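Please walk through this structure with the model open beside the text. The account starts at one residue in a loop and goes on from there to the fold as a whole.

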Amino acid sequence: MKPGTKTFVRPGDELPPLTIPVTRTLIVAGAVASRDYQDVHHDAELAREKGSPDIFMNILTTNGLVGRYITDHFGPRAVLRRVAIRLGAPNHPGDTMVLTGTVTEVDGDTAHVRVVGANGLGHHVTGTVTVEVPR
């Protein structure tokens, strides 16, 4: 259900894109908030020593951003029932990630949404979210 309406989504409906500037602060704050203290998420020098051009976003931050994308669209009554994502190209500081989504299936109050988050290197995240929106 789209916020403020009583119209339910249909398969094939596209969610509006969400553009997320990937900042150093976002990457580090997401890692700290999720208690992921891997050096590649906060120490650029150590990340470079391990073969990365810079620090990069962790999967837990990405998972949270995907969840935000869905709940921002479906509204405050939306309940995430399943989030199944896979990471691809890393998100580095200075990147911009654009999340897009397409409804693939609707069953009563439940929708399945295919989500893609792309940056300049390719697909950072792909996956499916199952969301319930009680009527």
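F56 counts as partly exposed, because its relative accessibility is 23%, and a residue has to be under 20% to be called buried. The model is a predicted one. F56 sits in the loop that links α2 and α3. Apart from residues up to four places away in sequence, F56 touches I27, V40, H41, P90, N91 and H92. The C-alpha atom of F56 is 10 Å from that of Q38, a residue 18 positions away along the chain.

A second loop, between α1 (24–33) and α2, holds R35. R35 is exposed, with a relative accessible area of 69%; the threshold for that class is over 50%. The backbone of R35 is also worth a look. Most residues other than glycine have a negative phi. R35 is not a glycine, yet has a positive phi of about 60°.

From these loops the view can be widened to the whole chain. The protein contains three helices and five strands. Read from the N terminus, the order of elements is β-α-α-α-β-β-β-β. The C-alpha trace spans about 50 × 25 × 20 Å along its principal axes. Of the 135 residues, 41% count as buried. The exposed surface of the protein comes to about 7,200 Å², and carbon and sulfur atoms supply 53% of that area. Among contacts between residues at least 6 apart in sequence, 65% join residues at least 24 apart.

How are the strands arranged? They form an open sheet of five strands in the order β1-β3-β4-β5-β2, with antiparallel pairing. The edges are β1 (14–21) and β2 (79–87), each of which pairs on one side only. On average, neighbouring strands of this sheet are turned by 20° against each other, direction ignored. Strands of a sheet pair through backbone hydrogen bonds, either parallel or antiparallel.

The pairing can be followed from the β1 edge inward. β1 and β3 (residues 96–107) run antiparallel and are joined by six bridges. Within this pair, L18 stands opposite L99 in β3, and T19 stands opposite V98 in β3. The next pair is β3 with β4, also antiparallel, with nine bridges between them. One of the partnerships here is that of G101 with V115 in β4. β3 and β4 form a hairpin with two residues between them, and G108 in its turn has a positive phi of about 65°.

Helix α3 (residues 59–74) lies across β1, β2, β3, β4 (110–119) and β5, and runs at about 135° to β2. This helix also takes part in the largest nonpolar core. That core has 27 residues, of which I70, F74, L99, V113, V115 and V131 touch the most other members. At least two residues of the core come from each of β1, α2 (44–49), α3, β3, β4 and β5. α3 gives the most, with five residues. In soluble globular proteins, nonpolar side chains tend to be buried together.

V115 connects the description of the core with that of the sheet. Besides being the bridge partner of G101, V115 is among the residues that touch the most other core members. Leaving aside neighbours within four places in sequence, V115 contacts V66, Y69, I70, L99, T100, G101, V125, T126, G127 and V129.

The last stop is in β5. Is T130 buried or exposed? T130 is buried, because its relative accessible area is 11% and the class takes in values under 20%. T130 lies in strand β5, which covers residues 122–132. The side chains of T130 and H112 are joined by a polar contact of 3.1 Å. H112 is also one of the residues in contact with T130 once neighbours within four places in sequence are left aside, the others being V79, L80, R81, R82, T110 and A111.

Definitions and conventions:
Residues numbered from 1 in each chain as written. Predicted model: local features only at pLDDT ≥ 70, side-chain atom pairs only at ≥ 80, totals over all residues. Heavy atoms only, no water. Helix = DSSP H or I, 4+ residues; strand = E, 2+ residues; numbered from the N terminus. Buried < 20%, exposed > 50% of the residue type's maximum accessible area, 1.4 Å probe, protein only. Polar contact = N/O pair within 3.5 Å; in protein donor to acceptor, adjacent residues only side chain to side chain. Contact = heavy atoms within 4.5 Å. Pairing = 2+ DSSP bridges. Axes fitted to C-alpha atoms, helices over the stretch in contact; angles between N-to-C directions. Core = buried A, V, L, I, M, F, W, Y, C linked by side-chain atoms within 4.5 Å. Areas by Shrake-Rupley, 256 points an atom, 1.4 Å probe, with all protein chains shown as cover.
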